[in-house]
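Here is a short briefing on one protein chain. Have the sequence and the structure open while you read.

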Amino acid sequence: MAECKVTVDAGVCKMKTVIIAKTNEDGEVELDIQSDCSKVLEMSWGIKPLYAWSCVESPMNETEIYQLASRCLKHAACPVPCAVMKAIEVAGEMGIKRDATITIE
(Lines give C-alpha, C1' and ligand atoms only; values in the text may rest on other atoms or scores of the structure.)
Protein backbone atom coordinates (compact mmCIF):
# COMPACT_ATOMS: atom_id res chain seq x y z
CA MET A 1 0.00 0.00 0.00
CA ALA A 2 1.43 3.35 -1.06
CA GLU A 3 1.39 6.39 1.17
CA CYS A 4 2.51 10.00 0.97
CA LYS A 5 2.40 13.19 3.00
CA VAL A 6 2.00 16.62 1.41
CA THR A 7 2.44 19.85 3.35
CA VAL A 8 1.01 23.09 1.97
CA ASP A 9 1.84 26.64 3.02
CA ALA A 10 -0.94 28.43 1.17
CA GLY A 11 0.81 31.80 1.04
CA VAL A 12 -0.54 35.13 2.12
CA CYS A 13 -3.30 33.62 4.28
CA LYS A 14 -0.57 31.79 6.25
CA MET A 15 -2.82 28.73 6.57
CA LYS A 16 -1.02 25.39 6.74
CA THR A 17 -2.48 22.12 5.51
CA VAL A 18 -1.11 18.59 5.86
CA ILE A 19 -2.50 15.88 3.59
CA ILE A 20 -1.80 12.22 4.26
CA ALA A 21 -2.90 9.92 1.46
CA LYS A 22 -2.68 6.16 1.54
CA THR A 23 -4.05 3.29 -0.47
CA ASN A 24 -6.32 0.87 1.38
CA GLU A 25 -6.69 -2.88 0.79
CA ASP A 26 -9.36 -2.23 -1.88
CA GLY A 27 -7.01 -0.03 -3.91
CA GLU A 28 -8.81 3.18 -2.99
CA VAL A 29 -6.97 6.25 -1.72
CA GLU A 30 -7.98 7.45 1.74
CA LEU A 31 -7.15 11.01 2.79
CA ASP A 32 -6.49 12.50 6.19
CA ILE A 33 -6.44 16.29 5.90
CA GLN A 34 -5.47 18.57 8.77
CA SER A 35 -5.62 22.32 8.21
CA ASP A 36 -5.66 25.69 9.91
CA CYS A 37 -8.32 26.70 7.35
CA SER A 38 -11.93 25.96 8.26
CA LYS A 39 -12.93 25.97 4.57
CA VAL A 40 -10.31 23.36 3.69
CA LEU A 41 -11.54 21.24 6.58
CA GLU A 42 -15.12 21.63 5.34
CA MET A 43 -13.98 20.46 1.90
CA SER A 44 -12.17 17.48 3.42
CA TRP A 45 -15.27 16.24 5.23
CA GLY A 46 -16.88 15.45 1.86
CA ILE A 47 -13.99 13.38 0.51
CA LYS A 48 -14.62 9.66 0.62
CA PRO A 49 -12.11 6.94 -0.37
CA LEU A 50 -11.65 7.04 -4.14
CA TYR A 51 -9.71 5.42 -6.93
CA ALA A 52 -6.76 7.52 -8.09
CA TRP A 53 -7.46 6.95 -11.77
CA SER A 54 -10.97 8.44 -11.39
CA CYS A 55 -9.38 11.75 -10.37
CA VAL A 56 -6.16 11.80 -12.33
CA GLU A 57 -7.69 10.89 -15.69
CA SER A 58 -10.80 13.10 -15.45
CA PRO A 59 -11.15 16.69 -16.67
CA MET A 60 -10.20 18.98 -13.79
CA ASN A 61 -13.67 20.46 -13.33
CA GLU A 62 -15.22 16.98 -13.14
CA THR A 63 -13.06 15.63 -10.31
CA GLU A 64 -14.62 15.17 -6.90
CA ILE A 65 -11.82 17.24 -5.34
CA TYR A 66 -12.28 20.31 -7.53
CA GLN A 67 -16.07 20.10 -7.29
CA LEU A 68 -15.83 20.10 -3.48
CA ALA A 69 -13.28 22.91 -3.63
CA SER A 70 -15.63 24.97 -5.81
CA ARG A 71 -18.38 24.58 -3.21
CA CYS A 72 -16.28 25.12 -0.08
CA LEU A 73 -13.29 27.33 -0.83
CA LYS A 74 -13.65 31.08 -1.34
CA HIS A 75 -10.31 31.68 -3.04
CA ALA A 76 -9.85 30.23 -6.53
CA ALA A 77 -6.04 30.47 -6.29
CA CYS A 78 -5.84 28.25 -3.19
CA PRO A 79 -3.12 25.64 -3.82
CA VAL A 80 -4.68 23.01 -1.54
CA PRO A 81 -6.94 21.28 -4.13
CA CYS A 82 -3.96 20.77 -6.43
CA ALA A 83 -1.92 19.39 -3.51
CA VAL A 84 -4.75 16.97 -2.70
CA MET A 85 -4.76 15.79 -6.32
CA LYS A 86 -0.98 15.29 -6.24
CA ALA A 87 -1.28 13.27 -3.01
CA ILE A 88 -3.96 11.08 -4.59
CA GLU A 89 -1.82 10.58 -7.68
CA VAL A 90 1.22 9.47 -5.65
CA ALA A 91 -0.68 7.29 -3.16
CA GLY A 92 -2.51 5.67 -6.07
CA GLU A 93 0.85 4.88 -7.68
CA MET A 94 0.05 6.95 -10.75
CA GLY A 95 2.84 9.44 -10.10
CA ILE A 96 6.16 9.66 -8.33
CA LYS A 97 7.04 11.61 -5.19
CA ARG A 98 8.41 14.87 -6.48
CA ASP A 99 7.88 18.39 -5.19
CA ALA A 100 5.87 20.94 -7.16
CA THR A 101 6.74 24.60 -6.57
CA ILE A 102 5.09 27.96 -7.12
CA THR A 103 7.54 30.83 -6.87
CA ILE A 104 6.23 34.40 -6.88
CA GLU A 105 8.76 37.18 -7.53
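In the hairpin of S2 and S3, which residue takes a positive phi? Gly27 does, with a value near 85°. Five residues lie between the two strands of this hairpin. Keep in mind that this is a predicted model. The points below cover the strands, the loop residue Asn24 and helix H4.

**Strands S1, S2 and S3**
- S1 spans residues 3-9 and pairs with S2 in the antiparallel sense, over seven bridges.
- One pair to look at is Cys4, whose bridge partner in S2 is Ala21.
- The hairpin of S1 and S2 has six residues between the strands, and Gly11 there takes a positive phi near 110°.
- S3 covers residues 29-35 and is also antiparallel to S2, again over seven bridges.
- Lys22 has Glu30 as its bridge partner in S3.

**The two faces of S2**
- Side chains of a regular strand alternate between the two faces of the sheet.
- S2 runs over residues 16-23, and its covered face carries Thr17, Ile19, Ala21 and Thr23.
- Lys16, Val18, Ile20 and Lys22 make up the uncovered face.
- Ala21, the bridge partner of Cys4, is thus on the covered face, whereas Lys22, the bridge partner of Glu30, is on the uncovered one.

**Asn24 in the loop**
- Asn24 sits in the loop between S2 and S3.
- Is this residue, Asn24, buried or exposed? Asn24 is buried, because its relative accessible area is 8% and the cut-off for buried is under 20%.
- The side chains of Asn24 and Glu30 are joined by a polar contact of 3.0 Å.
- Leaving out residues up to four places away in sequence, Asn24 touches Met1, Glu30 and Pro49.
- Glu30 therefore appears twice around here: as a contact of Asn24 and as the bridge partner of Lys22.

**Helix H4**
- H4 takes in residues 80-91, twelve in number.
- From its first C-alpha to its last, H4 reaches 16 Å, close to the 16 Å expected at 1.5 Å a residue.
- Why is H4 described as largely enclosed by the rest of the structure? Ten of its twelve residues are buried, so the description fits.
- Among the buried residues of H4 are Val80, Pro81, Val84, Ile88 and Ala91.
- Glu89 of H4 is buried as well.
- The cover over the buried residues of H4 includes the strands S1, S2 and S3.
- Helices H1 (38-45), H2 (52-56) and H3 (64-72) are also part of that cover.
- Glu93 follows H4 and has a positive phi, near 60°.

Technical notes. Residues are numbered from 1 along each chain as its sequence is written. This is a predicted model: local features need pLDDT of at least 70, side-chain atom pairs count only at pLDDT 80 or more; totals for chains, interfaces and linings use all residues. Side-chain values use heavy atoms; hydrogens and water are left out. Buried means under 20% relative accessible area, exposed over 50%, partly exposed in between (1.4 Å probe, protein chains only). Helices (H or I, at least four residues) and strands (E, at least two) are DSSP runs, numbered from the N terminus. Two strands pair if DSSP finds at least two bridges between them. A polar contact is a pair of N or O atoms within 3.5 Å; within protein, one must be able to donate a hydrogen and the other to accept it, and residues adjacent in sequence count only if both atoms are side-chain atoms. Contact means heavy atoms within 4.5 Å. The expected span of a helix is 1.5 Å times one less than its number of residues.
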